[in-house]
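Student: I'm new to this one and keep tripping over the labels. Could you walk me through how each one is earned?

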Amino acid sequence: MISSMEIGNLRHRITLQKMQVTRDSFGAEVQEWVDTATLWAKLEPLSGKEFFAAQQIMAEVSMRITIRYLEGVEPKQRLRFLDRNLEILSVVSPNEGKKELQLMCREVV
């Protein structure tokens, strides 16, 4: 049986990011996304839909992203793929094993 984690399937390079809060020279809080890891991943688009919001059309694309198991990945983080930002909606560890993670994401447009 072919494993979904074979290197050939993990052919997209993504960057895991977390929100970091710092203070500027005036003491005000500044939020910025900071890279925490660069990973190989398998990207699978699941669906696409358009909806009307705030008098403009926005696109929402759902994706399942599979990566090798990495401790500490959580929904308050995001992924960068090329010039796209992907919000992590949930993190699933199939069969509760520590071999891979499936990240259910949506593109932030």
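**Labels and cut-offs**

Student: What makes Arg-23 count as exposed?

Tutor: Its relative accessibility is 57%. Buried means under 20% relative accessible area, exposed means over 50%, and partly exposed is what falls in between, using a 1.4 Å probe and protein chains only. Since 57% is over 50%, Arg-23 gets the exposed label.

Student: Anything I should know about the model itself?

Tutor: Yes, it's a predicted model: local features need pLDDT of at least 70 and side-chain atom pairs count only at pLDDT 80 or more, while totals for chains, interfaces and linings use all residues. Residues are numbered from 1 along each chain as its sequence is written, and side-chain values use heavy atoms, with hydrogens and water left out.

Student: Why are Arg-23 and Glu-29 said to meet in a salt bridge?

Tutor: The test is a side-chain nitrogen of Lys or Arg within 4 Å of a carboxyl oxygen of Asp or Glu. For Arg-23 and Glu-29 the N to O distance is 3.7 Å, so the pair passes. Glu-29 is exposed as well, with 53% relative accessible area.

Student: How many salt bridges does the structure hold?

Tutor: Five. Another of them joins Glu-74 and Lys-76, with the closest N and O atoms 3.7 Å apart. Here Glu-74 is partly exposed at 32%, whereas Lys-76 is exposed at 63%.

Student: How do you know that the side chains of Glu-107 and Arg-84 meet in a salt bridge?

Tutor: Their N to O distance is 3.2 Å, so the 4 Å limit is met. This pair links distant parts of the chain: Glu-107 is in strand E6 and Arg-84 is in strand E5, 23 residues apart. (Strands, E, are DSSP runs of at least two residues, helices, H or I, are runs of at least four, and both are numbered from the N terminus.) Glu-107 counts as buried at 19%, because the limit for buried is under 20%.

Student: And why is Arg-84 called partly exposed?

Tutor: Its value is 23%, so Arg-84 lands between the 20% and 50% limits.

Student: What makes a polar contact between the side chains of Arg-84 and Glu-107?

Tutor: A polar contact is a pair of N or O atoms within 3.5 Å; within protein, one must be able to donate a hydrogen and the other to accept it, and residues adjacent in sequence count only if both atoms are side-chain atoms. The side chains of Arg-84 and Glu-107 are 3.2 Å apart, so the distance is within 3.5 Å. Leaving aside neighbours within four places in sequence, Arg-84 is also in contact (heavy atoms within 4.5 Å) with Met-63 and Leu-79.

Student: How many helices and strands are in the protein chain?

Tutor: Zero helices and six strands, which read along the sequence as β-β-β-β-β-β.

Student: How many residues does the largest nonpolar core have?

Tutor: It has 16. A nonpolar core is a set of buried Ala, Val, Leu, Ile, Met, Phe, Trp, Tyr and Cys residues joined through side-chain atoms within 4.5 Å. Ile-14, Ile-65, Ile-67, Leu-79 and Leu-103 have the most contacts inside it. The elements giving two or more residues to this core are strands E1 (12-23), E2 (29-53), E3 (56-68), E4 (78-81), E5 (84-92) and E6 (100-108). In soluble globular proteins, nonpolar side chains tend to be buried together.

Student: Which residues does Leu-103 touch?

Tutor: Not counting residues up to four places away in sequence, the partners include Met-63, Ile-65, Ile-67, Val-73, Leu-79 and Ile-88.

Student: Why does Glu-100 count as buried?

Tutor: Glu-100 has 10% relative accessibility, so the under 20% test is passed. You'll find Glu-100 in strand E6.

Student: What is the phi of Leu-82?

Tutor: About 55 degrees, which is positive although Leu-82 is not a glycine. Most residues other than glycine have a negative phi. Leu-82 is in the loop between E4 and E5 and is exposed at 67%. Asn-95 also has a positive phi, near 55 degrees; Asn-95 lies in the loop between E5 and E6 and is exposed at 79%.
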